[in-house]
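Open the model in your viewer and get ready to select residues by number. We will go stop by stop.

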Amino acid sequence: MNFQAFWDHDLAYSFRRSPVTIVAAALTLVCVGSALLAPWIAPYNPFDAASLDLNAAFAPPAWIGPGTTGHLLGTDDQGRDMLSTILYGARISLGVGVAAVLFALALGITLGLVSGYFGGRIDAFIMRVADIQLSFPAILIALLVDGVARVVLPSSHDEIAIPVLILSIGISGWVQYARTVRGSTMVEKGKEYVEAARVIGRHPLAIMLRHVLPNVMGPVLVIATIHIATAIITEATLSFLGVGVPPTRPSLGTLIRIGNEFLLSGEWWITLFPGIALVMLVLSVNLLGDWLRDALNPKLR
């Protein structure tokens, strides 16, 4: 596809006709780019314990009283530069959110394909499990998985905290993918191209992967885009509650929790700036997801 064809495509036309979407895309690019490039653009490495200076703790932002230009957004209770910590924290939050969505996506698509294609008792069992999970809040399921990991691996939980967090958020979000893929698969498996593949003797796994899956991915990708923002919020919530990322490698949620302890004593910047970064990241991703949902729905054009 050449550039002109891409520029004239419905998605490109819808994108350039929406100023809100353009701003959201630019904001997402800035947030994601800053997080990915944190090791190169951050003024300091907040995870390097040797570089921490406790005497510089609680320094206010540069434009307030004793603040210095060396710490533009001030420092936290350990003397870490807030700007650098936010960049690294956004890197962790974004990584956990994307990884959790990919895990939920893989699990949900697999179970949805199997449920919709084979039907019968397999379908009934998977959907009843999904119904049971939907009766519990996602944050409660994530807390349950994290709690089990803490009991099973009490001595090494901090080392595997991020993988456990990804697993817990992913398990709490697979249902919506499975139900969407199941419904689309039940429609697709009755079409002529699937029947023709069965007649020539193709294996059910090959039919599901080569023929059915590409035709059910559209709605799933839209859900995944919106789910990234939800996963980031869930990670921030868990970290704020103290069961997410350990304080030694803080995410945005951990930074907000740490700053909340000093909010009433006047060090408001420790909570405010990570909170603003979290809102900007989640809002921009949500706006992009809403645009993509509308752009791919012919009824809303």
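**Stop 1: a salt bridge inside helix 6**

Select Arg-128. Its relative accessible area is 42% or 45%? It is 45%, so Arg-128 counts as partly exposed. This model is predicted, so keep that in mind at every stop.

Now add Asp-131 to the selection. Arg-128 and Asp-131 form a salt bridge. Their closest N and O atoms are 2.9 Å apart. Where do the two sit relative to each other in helix 6? They are three residues apart, so about one helical turn separates them. Asp-131 is partly exposed as well, with 32% relative accessibility.

Keep both on screen and add Arg-179. Arg-128, Asp-131 and Arg-179 are linked in a network of salt bridges.

**Stop 2: a bridge between two helices**

Select Asp-123 and Arg-182. They also form a salt bridge, and here the closest N and O atoms are 2.6 Å apart. This pair links distant parts of the chain. Asp-123 is in helix 6, residues 120–134. Arg-182 is in helix 9, residues 174–188. The two partners are 59 residues apart.

Is Asp-123 buried or exposed? Asp-123 is buried, because its relative accessible area is 11% and the cut-off for buried is under 20%. Arg-182 is partly exposed, at 22%.

**Stop 3: a bridge in helix 10**

Move on to Glu-195 and Arg-198. Both lie in helix 10, which covers residues 192–199. They are three residues apart, about one turn of the helix. Arg-198 forms a salt bridge with Glu-195, with 3.1 Å between the closest N and O atoms. Both ends are partly exposed: Arg-198 has a relative accessible area of 33%, and Glu-195 has 35%.

How many salt bridges does the structure hold? There are six.

**Stop 4: aromatic rings**

Clear the selection. The structure holds five aromatic pairs. For one of them, select Tyr-117 and Phe-118. Their ring centres are 5.3 Å apart. Their planes meet at 85°, so the pair is edge-to-face; the cut-off for that label is over 60 degrees.

Check the surroundings of each ring. Tyr-117 is buried, with 8% relative accessibility. Phe-118 is partly exposed, at 42%.

Next, select Trp-63, Trp-268, Trp-269 and Phe-273. These four form one aromatic cluster.

**Stop 5: the largest pocket**

Select Cys-31, Ile-86, Leu-87, Ala-277 and Met-280. Among the 17 residues that line the largest pocket, these five lie nearest its centre. Which elements give two or more residues to the lining? They are helix 3 (19–36), helix 5 (82–118) and helix 13 (269–295). Colour each helix separately to see what it contributes.

The pocket holds about 320 Å³ of space. By class, its lining has 16 nonpolar residues and one polar residue. No charged residue lines the pocket.

**Stop 6: the largest nonpolar core**

Select Ile-109, Leu-113, Ile-169 and Tyr-177. The largest nonpolar core has 30 residues, and these four touch the most other members. Now show the helices around them. Helix 5, helix 8 (161–171), helix 9, helix 10 and helix 11 (204–240) each give two or more residues to this core. Which helix gives the largest share? Helix 11 does, with eleven residues.

**Stop 7: Pro-204**

Stay with helix 11 and select Pro-204, which has its place there. Pro-204 counts as partly exposed, with 28% relative accessibility. Add Gly-112 and draw a distance between the two C-alpha atoms. They are separated by 14 Å. Along the chain, Pro-204 and Gly-112 are 92 residues apart.

**Last stop: the whole chain**

Zoom out and switch to a cartoon view. The chain has 13 helices and zero strands. Rotate the model to see its three axes. The C-alpha trace spans about 75 × 55 × 30 Å along its principal axes. Finally, colour by accessibility. Of the 301 residues in the chain, 44% count as buried. Tyr-117 and Asp-123 are two buried residues from your earlier stops.

How values were computed:
Residues are numbered from 1 along each chain as its sequence is written. This is a predicted model: local features need pLDDT of at least 70, side-chain atom pairs count only at pLDDT 80 or more; totals for chains, interfaces and linings use all residues. Side-chain values use heavy atoms; hydrogens and water are left out. Rings of Phe, Tyr and Trp (its six-membered ring) pair if their centres lie within 6.5 Å; planes under 30 degrees apart count as stacked, over 60 as edge-to-face and the rest as tilted. Buried means under 20% relative accessible area, exposed over 50%, partly exposed in between (1.4 Å probe, protein chains only). A salt bridge is a side-chain nitrogen of Lys or Arg within 4 Å of a carboxyl oxygen of Asp or Glu. Helices (H or I, at least four residues) and strands (E, at least two) are DSSP runs, numbered from the N terminus. On a 1 Å grid over the protein atoms alone, a cavity is a set of points where a 1.4 Å probe fits but cannot get out, and a pocket is an open set with protein on both sides within 12 Å along at least five of seven lines; lining residues have an atom within 4 Å of a point. Grid points are joined across faces, edges and corners, and a volume is the space filled by probe spheres set on the points. Ala, Val, Leu, Ile, Met, Phe, Trp, Tyr, Cys and Pro count as nonpolar, Asp, Glu, Lys and Arg as charged, and the others, Gly among them, as polar. A nonpolar core is a set of buried Ala, Val, Leu, Ile, Met, Phe, Trp, Tyr and Cys residues joined through side-chain atoms within 4.5 Å.
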